Amino acid sequence: MTDAPASAEPHEIRLKRLRMRSWRRGTREMDLLLGGYADGALAGLDAAALDAYEQLLEEPDQELYLWVSGARDPDPAHVPTITAIQSFHNIA
């Protein structure tokens, strides 16, 4: 069975799925950072920003935490999304 492409998925279902993935990361720190962002910001994002966020969720928690905390420069492809998360949480 193949997963349907995100574009074929109803918007509300996609948001619920991304929220779940954000809150079930594996480390409590990333659960709080990404889950809080997902609850507060995802509904206002356009399709391209949701695509970028979904790609960010593929990264390991250890890297994400270093990027969001500002301890390490993020992968250039993720800079806009990381910046949005940092701004949402008033980090940096």
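Here's a quick briefing on the fold, surface and charges of this protein chain, with a stop at one residue. Keep in mind that the model is predicted. If you're new to it, start with the helices: the chain has five of them and zero strands.

**Overall fold**
- Reading from the N terminus, you'll meet the elements in the order α-α-α-α-α.
- The C-alpha trace spans about 40 × 25 × 25 Å along its principal axes.
- The radius of gyration is 13 Å, which agrees with the value near 12 Å that a compact globule of 92 residues would have.
- Take the contacts between residues with a separation of 6 or more: 52% of them link residues 24 or more positions apart.

**Inside and outside**
- Of the chain's 92 residues, 32% count as buried.
- The accessible surface adds up to about 5,600 Å², and carbon and sulfur atoms hold 55% of that.

**Charges**
- There are 15 negative charges and 9 positive ones in the chain.
- Take the mean position of each group, and the two points sit 6 Å apart.

**A stop at Thr83**
- You'll find Thr83 in helix α5, which covers residues 79–88.
- Is Thr83 buried, exposed or partly exposed? Its relative accessibility is 42%, so Thr83 counts as partly exposed, since that label covers values between the 20% and 50% cut-offs.
- Val68 is 15 residues away from Thr83 in sequence, and their C-alpha atoms are 7.8 Å apart in space.

Notes:
Residues are numbered from 1 along each chain as its sequence is written. This is a predicted model: local features need pLDDT of at least 70, side-chain atom pairs count only at pLDDT 80 or more; totals for chains, interfaces and linings use all residues. Side-chain values use heavy atoms; hydrogens and water are left out. Helices (H or I, at least four residues) and strands (E, at least two) are DSSP runs, numbered from the N terminus. Buried means under 20% relative accessible area, exposed over 50%, partly exposed in between (1.4 Å probe, protein chains only). The radius of gyration is taken over C-alpha atoms; the globule rule is 2.2 Å times the number of residues to the power 0.38. Contact means heavy atoms within 4.5 Å. Accessible areas come from the Shrake-Rupley method with a 1.4 Å probe; for residues, only the protein chains shown count as cover. Lys and Arg count as positive and Asp and Glu as negative; His and the chain ends are not counted. The place of a charge is taken as NZ of Lys, CZ of Arg, CG of Asp or CD of Glu.
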